[in-house]
Amino acid sequence: MLEKIGEIKKTALDALAKIEGEEGLDQWKVTHLGRSSAIMDVFKNMGSVPKEERGNVGRTANQVKQALQAALDEKKEALHQAEIQRALQEEKIDITLPGYAIPRGRLHPTTQTLREIYRVFADMGFQIYRSREVETDEFNFQLLNFPPHHPAREMQDSFYVDSGEERGENPILLRTHTSPGQIRAMREFTAENPDNPPPVRIILPGMCYRYEQVSARSETQFTQVEGLAVGHDVTFSDLKGTLSDFARRMFGKNVDSRFRASHFPFTEPSAEMDIECFLCGGAGCSVCKHTGWLEILGCGMVHPNVLSNGGYDPERYSGFAFGMGPERITMLRYHIEDIRYFWANDMRFLEQF
Ligand code: PHE
């Protein structure tokens, strides 16, 4: 019997030695340590072993069973280690290889310019006022002192909105500039309104629309930033001081600016502001068309009719207003020659900013 047990052990260990992968171990365990394995049969048949040998046979069988379990555990561990070694050898990761570049999102160039404008005017005490993009002829033109047959009102200049109703002289349109917001803001900033008492000191950013032939210089939609300051004794010097300070804060502390007389129906007097060309420093280049100056905004003293349309007595109040185009400023800054890039959604353009 003891001999047989020795054989059982040898057979089992030989079989174990031949196993090369962890997956063979479960089957081996069933065969050599399972309920119907040879070693378990020894225990089952203990009854037929002569009494005096039983102790010895039992002890030996037990030792063999334990030895087989131990051999199994050892083999399992050895195979596991071998697998780790293999993986380490074969599945080397070369950490010096360049990784995949994750594309970074960025802000649209107009948004970047807008934010700079906000920052500069916020520092000067202006607050942002948001006005609607869909306007009426009354706010977009009439209240801004446009004469009745001003060419800007013609079909070729405005996008009219079909409201399904007959509106006569006051059709609905997409605002052609941010100036109608002046009227809306003045009507909201009143002595009776504790949240927004005068003086008015705001900028009005937003999208504007014009029914125009799209070209390198004009788009049907573009942003504007309007500015409005209304109070007692606001003068043209305040306008000049504020805007030349804006130019220095925005374009550089030594940037010179100049004002040229101009005309807008809603301001009187009106002007356009040029800044010294930041590309050539005033010497003359293709961007400033060899004048040394770049036009960046329109401005003027709020017309008395506009003040009263906004609810302010022009005898007691005065104000200045200005309007600029962030796309135009961005074009000048980065030497962009075609305004259509701003809305073309071409990543090659957008990724440069
Ligand atoms: N609204 C004018 C334009 O679109 C700009 C402007 C605003 C001029 C305010 C003067 C004062 O061209």
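Start at the ligand and select Ser-179: one of its polar side-chain atoms lies 2.9 Å from a nitrogen atom of the ligand. That is a polar contact, meaning a pair of N or O atoms within 3.5 Å; within protein, one must be able to donate a hydrogen and the other to accept it, and residues adjacent in sequence count only if both atoms are side-chain atoms. Now add His-177, where an N or O atom of the side chain is 3.0 Å from a ligand nitrogen. Then pick Arg-210, with a polar side-chain atom 3.1 Å from a ligand oxygen. How much of the ligand's accessible area does the protein cover? The protein covers 89% of the 330 Å² that the ligand has on its own (Shrake-Rupley method, 1.4 Å probe).

A word on what you have open: this is a predicted model, in which local features need pLDDT of at least 70 and side-chain atom pairs count only at pLDDT 80 or more, while totals for chains, interfaces and linings use all residues. Residues are numbered from 1 along each chain as its sequence is written, and side-chain values use heavy atoms, with hydrogens and water left out.

Next, show everything with a heavy atom within 4 Å of the ligand. You should see 14 residues, with Gln-224 and Glu-226 among the closest. By type, the shell holds five nonpolar, seven polar and two charged residues (Ala, Val, Leu, Ile, Met, Phe, Trp, Tyr, Cys and Pro count as nonpolar; Asp, Glu, Lys and Arg as charged; the others, Gly among them, as polar).

Colour strand 6 (221–231), strand 9 (293–302) and strand 10 (318–324): each supplies at least two shell residues. Strand 10 gives the most, with three. Helices (H or I, at least four residues) and strands (E, at least two) are DSSP runs, numbered from the N terminus.

Now for some backbone stops. Select Pro-198 and Pro-199, joined by a cis peptide bond with omega about 0 degrees. Pro-199 sits in the loop between helix 7 (180–188) and strand 5 (200–209). Another cis bond runs from Glu-268 to Pro-269, with omega near -5 degrees, and Pro-269 belongs to strand 8 (residues 267–276). Move on to Lys-289, which is not a glycine yet has a positive phi of about 50 degrees; look for Lys-289 in the loop between strand 8 and strand 9. For context, most residues other than glycine have a negative phi, and most peptide bonds are trans.

Finally, zoom out to the whole protein. The domain assignment, from an automatic or database source, gives domain 1 (2–90) and domain 2 (109–350). Their C-alpha centres lie 91 Å apart.
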